[in-house]
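Let's take a walk through this protein together. Have the sequence and the coordinates open as you read.

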Amino acid sequence: MTAILHGSCHCGRLRIAFDTGVALADFAPRACDCAFCRKHGAAYISDPAGRLTVIADEGALKRYRQGSHTADFLICGECGVLVAVTFEDDGRRFGAVNAGCLDEASVFAAAVNASPQSLTAEQKVLRWRQLWIPDVVFEFSPR
């Protein structure tokens with residue numbers, strides 16, 4: 001059984017559709033302990049068998065790199081909400097969704113702490129390849 005979870009930034013100019021086979025109650029968002037994610041209140045979910053579509057109005061998608069400069073944080077250029085994080089490896093785009101942006105967020109288990117700061121850049125990529133959504137696509141629409 002699969003479900004498509006929908007969400008967006010505050011103003012709606014960045015939208016996400018996350019196709020997953022994981023039961024919603026089985027998701028325990030991972031609350032990253034880095035300063036950037038803490039300041040955004042981000043806690044991420046992903047499914048290594050899932051698919052993520054990021055739909056952005058023209059000019060709305062902003063990317064920010066910090067830490068190991070390996071991943072792109074996807075932020076709305078209008079309202080400033082962080083909706084997801086992605087990275088590219090071997091021609092594939094992987095990602096994780098900021099659970100707070102999803103319409104179904106109230107159904108998830110309590111967030112658990114994650115501490116990627118203690119990992120090297122290589123260890124992060126290995127972890128992301130195992131945990132994150134391996135099929136991320138972008139769609140852009142005129143405003």
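What follows goes from the strands to the core, then to a pocket and a loop. Please keep in mind that this is a predicted model.

A good place to begin is strand β2, which spans residues 14-20. Is β2 mostly covered or mostly open? Five of its seven residues are buried, so to speak of β2 as mostly covered is fair under the cut-off for buried, a relative accessible area under 20%. On one side, β2 pairs with β1 (residues 3-8) in the antiparallel sense, over six bridges. You can find the register by looking at G7, whose bridge partner in β2 is I16. The two strands make a hairpin with five residues between them, and G12 in that turn has a positive phi of about 85°.

β2 has another antiparallel partner in strand β5 (residues 51-57), again with six bridges. Here R15 stands opposite I55 of β5. As you step along the strands, remember that side chains in a regular strand alternate between the two faces of the sheet.

Now turn to the largest nonpolar core, which has 24 residues. Those touching the most other members are L14, I16, F18, I45, L52, V83 and V97. Two or more residues each come from β2, β5, β7 (72-76), β8 (82-89) and β11 (136-141). I45 is worth selecting in your viewer: leaving aside residues up to four places away in sequence, its contacts include L5, F18, F27, V97 and F108. A second core, separate from this one, holds 17 residues, among them L82, F87, A96 and V125.

Where is empty space left? Rolling a probe the size of a water molecule over the atoms shows this. The largest pocket has a volume of about 320 Å³. It is lined by 20 residues, and the closest to its centre are C32, C37, F73, P116 and W128. Two elements, β3 (30-32) and α2 (121-131), give two or more residues to the lining, with α2 giving the most, at three. Sorted by class, the lining has 12 nonpolar, five polar and three charged residues.

Finally, have a look at D90, in the loop between β8 and β9 (92-98). Most residues other than glycine have a negative phi. D90, although not a glycine, has a positive phi of about 50°. Is D90 buried or exposed? With a relative accessible area of 68%, D90 is exposed.

Note on methods:
Residues numbered from 1 in each chain as written. Predicted model: local features only at pLDDT ≥ 70, side-chain atom pairs only at ≥ 80, totals over all residues. Heavy atoms only, no water. Buried < 20%, exposed > 50% of the residue type's maximum accessible area, 1.4 Å probe, protein only. Helix = DSSP H or I, 4+ residues; strand = E, 2+ residues; numbered from the N terminus. Pairing = 2+ DSSP bridges. 1 Å grid on protein atoms, 1.4 Å probe; cavity = no way out; pocket = protein on both sides within 12 Å on 5 of 7 lines; lining within 4 Å. Points joined across faces, edges and corners; volume = space filled by probe spheres on them. Nonpolar A, V, L, I, M, F, W, Y, C, P; charged D, E, K, R; others polar. Core = buried A, V, L, I, M, F, W, Y, C linked by side-chain atoms within 4.5 Å. Contact = heavy atoms within 4.5 Å.
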